[in-house]
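Here's a quick tour for anyone new to reading protein models. Have a look at the sequence and the 3D view, then work through the points below.

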Amino acid sequence: MKAKKSYGQHFLAQPMVAQQIAEAFAVEDVDQILEVGPGQGMLTQYLLKRGKPLMAVEADRDMVAYLMNTFPGWATAESLVQGDFLKVNVGTLTQNRPTALVGNFPYNISSQILVKLVDNYQLFPRMVGMFQKELAERVLSPPGSKAYGAISALVQIYYRGKTVIHVKPGSFSPPP
C-alpha cells in the first residue's frame with residue numbers, strides 16, 4: 001500500500017526500530033496504550049506484545065481496512081478508530097484512564113499532537129513519539145539554547161524528555 005502525501009505518511013520499514021520504540025517506555029503506570037497513526041502496523045505488532053490494551057486512531061480509511069485485515073483479533077471498531085486524532089475526544093476514547101501515547105507522528109501535525117498531549121497531560125503520563133529531528137531537538141532543548149521555544153517550554157512543564165533512538169531516513173518508506 002502506497003503512502004499518501006495528504007496524510008504526511010512515511011511508513012516505518014525497520015522491524016528492529018519499531019521494536020525498540022515499543023519497548024522504550026514503562027507500562028506499569030498506565031492502563032492502556034493509544035497509538036496515533038498506526039499506518040501499516042509496523043509499530044502496532046510490537047505494542048500488542050506490551051501486555052496492555054491497545055487502541056489506535058488512524059485517519060486514512062484505506063489503512064483502517066488494511067489493519068482490520070492484518071490484525072483481525074485486535075482491530076475492531078472499539079480498538080481502532082477511523083478519524084483525525086486532533087479532533088478525537090481523548091477523554092472519551094481513553095475512558096479517562098491513564099494511557100501511554102505512542103506514534104510515528106507526521107511532521108505536518110507533530111507540534112499539534114504535542115499541544116493536545118499537554119492539554120490532556122492528566123491522561124497521558126507517558127509518551128513515545130517519533131518526530132523529525134528538528135522538532136525533537138526543539139522539544140528537548142534546554143532553556144536559553146538556540147532551539148528553545150514555546151513548544152519546548154510547553155512540553156517541559158509536564159514531561160521530561162529524552163532521545164530514545166535516532167532513526168535514519170532510509171528506515172522509512174518513502175524516506176522523508
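**A first stop: the loop after α4**

Q95 sits in the loop that runs between α4 and β5. Keep in mind that this is a predicted model. From that loop we'll move on to salt bridges, a helix with two faces, some buried residues and a surface patch.

**Unusual backbone angles**

- Most residues other than glycine have a negative phi.
- Q95 goes the other way: its phi is positive, about 55°, and it is not a glycine.
- N96 also has a positive phi, near 55°, and it isn't a glycine either.
- You'll find N96 in the loop between α4 and β5, the loop that holds Q95 as well.
- Is Q95 buried or exposed? Q95 counts as exposed because its relative accessibility is 57%, and the cut-off for exposed is over 50%.
- N96 is exposed too, with a relative accessible area of 58%.

**Salt bridges**

- How many salt bridges does a search of the whole structure find? The search turns up two.
- Some background helps here: side chains of opposite charge can pair when their charged atoms come close.
- One salt bridge joins the side chains of R126 and D29, at 3.5 Å from N to O.
- That pair ties together distant parts of the chain, with R126 in strand β6 and D29 in the loop between α1 (15-22) and β2 (32-36), 97 residues apart.
- Both partners are partly exposed: R126 has a relative accessible area of 31%, and D29 has 36%.
- D31 makes a salt bridge with R97, and their closest N and O atoms are 3.5 Å apart.
- This pair also links distant parts of the chain: D31 is in the loop between α1 and β2, while R97 is in the loop between α4 (90-94) and β5 (99-104), 66 residues away.
- D31 counts as partly exposed at 32% relative accessibility, and R97 counts as partly exposed at 30%.

**Helix α3 and its two faces**

- Which residues of helix α3 (residues 61-70) are buried? They are M63, V64 and L67.
- Looking down the axis of α3, you'd see these buried residues fall within an arc of 105°, so they line one face of the helix.
- Here's the general idea behind that: an α-helix has 3.6 residues a turn, so residues three or four places apart point the same way.
- On the face of α3 turned away from the buried side, you'll spot the exposed residues R61 and N69.
- What covers the buried residues of α3? The cover includes β1 (11-12), β3 (54-58) and β4 (80-82).
- Check the start of α3 as well: a side-chain oxygen of D60 comes within 2.9 Å of the backbone nitrogen of D62.

**Two buried residues in helices**

- T44 belongs to helix α2 (residues 44-47).
- Why is T44 called buried? Its relative accessibility is 0%, and buried means under 20%.
- Setting aside residues up to four places away in sequence, T44 touches E35, P38, L54, F71 and W74.
- S110 is part of helix α5, and it counts as buried with a relative accessibility of 0%.
- Not counting neighbours within four places in sequence, S110 is in contact with F105, F131 and L135.

**Out on the surface**

- Which residues form a nonpolar patch on the surface? Y121, I157 and Y158 do, and together they have about 320 Å² of accessible area.
- Y121 is placed in the loop between α5 (110-119) and β6 (126-130).
- At 40% relative accessibility, Y121 counts as partly exposed.

**A long way along the chain**

- S173 is in strand β7 (residues 172-173).
- S173 counts as partly exposed, with a relative accessibility of 40%.
- How far is S173 from D31? The two are 142 residues apart in sequence and 32 Å apart in space, going from C-alpha to C-alpha.
- You've already met D31 as the salt-bridge partner of R97.

Note on methods
Residues numbered from 1 in each chain as written. Predicted model: local features only at pLDDT ≥ 70, side-chain atom pairs only at ≥ 80, totals over all residues. Heavy atoms only, no water. Patch = residues over 30% accessible without salt bridge, like charges linked within 9 Å, V, L, I, M, F, W, Y side chains within 5 Å. Areas by Shrake-Rupley, 256 points an atom, 1.4 Å probe, with all protein chains shown as cover. Salt bridge = Lys/Arg side-chain N within 4 Å of Asp/Glu carboxyl O. Helix = DSSP H or I, 4+ residues; strand = E, 2+ residues; numbered from the N terminus. Buried < 20%, exposed > 50% of the residue type's maximum accessible area, 1.4 Å probe, protein only. Contact = heavy atoms within 4.5 Å. Arc of directions from axis to C-beta. Polar contact = N/O pair within 3.5 Å; in protein donor to acceptor, adjacent residues only side chain to side chain.
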